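Good morning, everyone, and thank you for making the time. Please take a look at the sequence and the structure first, and then I will go through a few parts of it.

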Amino acid sequence: MKQIFLFSSTLAFFTSAILVQAAQQGVTCNSTNPCPSQYPCCSEYGFCGDGYYCLGGCNPLASNTLNSCKPSPMCENANYTLSDTSRILSNYTYFNGNASEYDWVVEQGSIINTTSNGEAAIAVLLTETGGGTLLSSTRYVHYGQITARLQTGRWAGVVTAFITMSSIKDEIDWEFPGNQTTTGQTNYFWQGVIPAQTAGVIETGLTNTYSNWHDFTIDWQPESLTFLVDGNVTRTITAAQTTNNATGVVQFPSTPSRIQLSIWPAGISTEPQGTVQWAGGMINWSDPDYVSAGHFYALFQSVSVQCNDPTTPSASDTSYVYGTNSSVDTPTIAFSNASTMINGASALIGASASAMSVWFGVSLAFALGGLVL
């Protein structure tokens with residue numbers, strides 16, 4: 001494997017685009033500028049609201065109070081077959097926090113059913129006018145082993161991603177940029193901090209990730225982080241290795257995280273030149289694959305989750321909450337039996353819900369049908 005020196009591609013693209021729109025349309029929030037009481041929740045996109053803004057990705061350290069965000073649905077061991085779309089909610093704005101009803105929500109973009117190499121799957125789509133697609137789990141993982149079976153895109157400027165993301169931007173990545181179909185890239189981030197020298201590494205020697213199914217694993221434990229391909233270890237990082245020598249803070253992902261599957265456009269004119277280069281250049285919208293199908297795509301067949309909470313929950317526990325002594329440097333996580341659900345309509349300060357779509361440039365959409373690959 002080869003080390004790379006790049007900033008967080010997914011995180012930087014996602015956050016910067018959303019915050020630009022939020023600054024124009026509404027009140028932004030962060031740990032030093034929390035939300036007001038009437039719109040108490042700091043959404044994953046960094047602006048204030050209520051309703052579903054208090055659900056997945058809501059940042060408790062930037063919200064009005066530590067308990068403004070709804071508790072995060074607790075991890076459960078599971079094997080998700082994604083071609084069964086009955087437990088995928090097509091419109092995230094309708095989600096009420098009930099993780100027993102839906103396993104996944106489409107936060108942005110479109111998915112369709114398909115089959116590849118005899119395996120039923122979903123395709124997450126990217127178009128020139130619609131942008132990309134983001135699928136998020138409704139439950140959180142607080143350490144454990146997560147495996148996604150997928151096939152990537154193969155086009156310059158188009159990025160396939162399988163990541164975990166916490167409410168305070170702890171992040172663990174498998175990413176597949178552009179037309180690099182024999183490599184993958186692993187990375188991790190602590191609370192959204194972009195280090196001077198990235199921890200990103202190129203994993204080499206993969207067989208064609210566009211044509212072949214592969215099982216990519218994130219094995220996230222309290223003291224270590226291991227990446228695997230088809231059951232073979234490619235990289236291990238220990239928590240001790242992430243210690244900031246200047247501050248003594250261990251900058252290791254440690255907070256409950258959602259699983260996210262996506263395809264996104266890195267090779268577009270609004271992206272920084274470094275991002276475009278990392279992704280293999282500008283997207284060619286005249287590519288024969290795109291012209292023929294009307295979209296680019298990546299395929300996801302399944303996701304398996306084996307939970308490994310650092311302490312054992314009681315039978316009545318259903319969720320995670322941030323402890324009363326949580327701070328930016330040392331957030332603490334506790335179990336809770338408080339409801340994860342919301343009631344009533346949502347609102348946000350000075351912005352419409354369409355601001356959430358700026359990363360992908362689309363309104364939420366969902367399609368079922370056949371895809372010829």
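**Cysteines, strands and cores**

Let me begin with Cys307, which is partly exposed, with a relative accessible area of 22%; the wording here is that buried means under 20% relative accessible area, exposed means over 50%, and partly exposed lies in between, using a 1.4 Å probe and protein chains only. Before I go on, please keep in mind that this is a predicted model, in which local features need pLDDT of at least 70 and side-chain atom pairs count only at pLDDT 80 or more, while totals for chains, interfaces and linings use all residues. Residues are numbered from 1 along each chain as its sequence is written, and side-chain values use heavy atoms, with hydrogens and water left out.

Which residue does Cys307 form a disulfide with? The partner is Cys75, and the two sulfur atoms are 2.0 Å apart, where a disulfide is taken as a pair of cysteine sulfur atoms within 2.5 Å. Cys75, for its part, is buried, with a relative accessible area of 7%. The torsion about the S-S bond of Cys75 and Cys307 is about -85 degrees, so this disulfide is left-handed. The link reaches between distant parts of the chain, since Cys75 sits in the loop between strand 4 and strand 5, Cys307 sits in strand 20, and 232 residues separate them; helices (H or I, at least four residues) and strands (E, at least two) are DSSP runs, numbered from the N terminus.

By this rule there are five disulfides, and if the bonded cysteines of the protein chain are numbered in sequence order, the pairing reads 1-4, 2-5, 3-6, 7-8, 9-10. One of them joins Cys35 and Cys48, with 2.2 Å between the sulfur atoms, and with -90 degrees about the S-S bond this link is left-handed. Cys35 belongs to the loop between helix 1 (9–25) and strand 2 (41–42), whereas Cys48 belongs to strand 3 (residues 48–49), 13 residues apart; both Cys35 and Cys48 are buried. Another disulfide joins Cys58 to Cys69, S to S 2.0 Å, and this link is left-handed as well, with -70 degrees about the S-S bond. Cys58 and Cys69 each lie in the loop between strand 3 and strand 4 (72–73), so the pair ties together parts that are 11 residues apart in sequence.

Let me return to strand 20, and to its partner strand 5. Strand 5 and strand 20 run antiparallel and are joined by four bridges, given that two strands pair if DSSP finds at least two bridges between them. Along strand 5 (residues 78–81) the side chains alternate, with Ala78 and Tyr80 pointing to one face and buried, while Asn79 and Thr81 point to the other face and are not buried. Asn79 stands opposite Ser304 in strand 20.

Which strand gives the largest share of the largest nonpolar core? A nonpolar core here is a set of buried Ala, Val, Leu, Ile, Met, Phe, Trp, Tyr and Cys residues joined through side-chain atoms within 4.5 Å. The largest such core has 57 residues, of which Trp104, Phe162, Leu225, Ile259, Leu261 and Val303 touch the most other members. Its largest share, seven residues, comes from strand 20 (residues 296–307). A second, separate core of 10 residues includes Tyr45, Phe47, Leu89 and Ile342.

Leu225, one of the core residues just named, stands opposite Ile237 in strand 18. Strand 17 (residues 224–229) and strand 18 (residues 232–238) pair in the antiparallel sense over six bridges, and in their hairpin, which has two residues between the strands, Asp230 takes a positive phi near 50 degrees.

Finally, the aromatic rings. Rings of Phe, Tyr and Trp (its six-membered ring) pair if their centres lie within 6.5 Å, and planes under 30 degrees apart count as stacked, over 60 as edge-to-face and the rest as tilted. By this rule there are 19 aromatic pairs, among them Tyr92 and Phe95, which are stacked at 6.4 Å centre to centre, with 25 degrees between the planes. Tyr143 and Trp220, in turn, have ring centres 4.7 Å apart and planes at 50 degrees, so this pair is tilted. Trp155, Tyr210, Trp285, Tyr290, Phe296 and Tyr297 form one aromatic cluster.
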